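Good morning, colleagues. Please have the sequence and the model open as I speak; I shall discuss strand pairing and then backbone torsions.

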Amino acid sequence: MRKGRITGFVGSWGSGLAYLVIDGQPIACDNGPTVRALAAMFEEVVQPGHRVNLAAIAGQEVLYEVDELGLLSALALP
């Protein structure tokens, strides 16, 4: 697993696609499972209207793993 800091998140509930940006690098991921994992790790991640509160996750250090296709496959606290 790699260690990095979250610098952004862009996703769509409608499409189910998202990018978790770690150390400035966008990593493709499933929107729902990724947001649920972030919400379990950090407080106040989900805002009304199913929006992600970037202030709650920006700068947070995480462990992550990317599969051979470049998709986020694991996310955890260090």
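R2 stands opposite Y64, a residue of strand β6. I should say at once that this is a predicted model. The pairing behind that contact joins strand β1, residues 2-11, to strand β6, residues 61-66, in the antiparallel sense, and it runs over 4 bridges.

In general terms, strands of a sheet pair through backbone hydrogen bonds, and they may do so parallel or antiparallel.

Let us now place this pair in its sheet. Which order do the strands take? The order is β3-β2-β1-β6-β7, in an open sheet of 5 strands with antiparallel pairing. At the edges are β3, spanning 25-30, and β7, spanning 72-76, each of which pairs on one side only. On average, neighbouring strands of this sheet are turned by 45° against each other, with direction ignored.

I turn next to the backbone torsions. Most residues other than glycine have a negative phi. Two residues deserve attention in this respect.

The loop between β2, residues 17-22, and β3 contains D23. Although D23 is not a glycine, its phi is positive, at about 50°. Is D23 buried or exposed? The answer lies in between: D23 has a relative accessible area of 45%, and is therefore classed as partly exposed.

The second residue is H50, in the loop that lies between β4, residues 46-47, and β5, residues 51-52. H50 is not a glycine either, and has a positive phi of about 60°. Its relative accessibility is 54%, so H50 counts as exposed, the cut-off for that class being over 50%.

Definitions and conventions
Residues are numbered from 1 along each chain as its sequence is written. This is a predicted model: local features need pLDDT of at least 70, side-chain atom pairs count only at pLDDT 80 or more; totals for chains, interfaces and linings use all residues. Side-chain values use heavy atoms; hydrogens and water are left out. Two strands pair if DSSP finds at least two bridges between them. Helices (H or I, at least four residues) and strands (E, at least two) are DSSP runs, numbered from the N terminus. Axes are lines fitted to C-alpha atoms, for helices over the stretch in contact, and angles run from 0 to 180 degrees between N-to-C directions. Buried means under 20% relative accessible area, exposed over 50%, partly exposed in between (1.4 Å probe, protein chains only).
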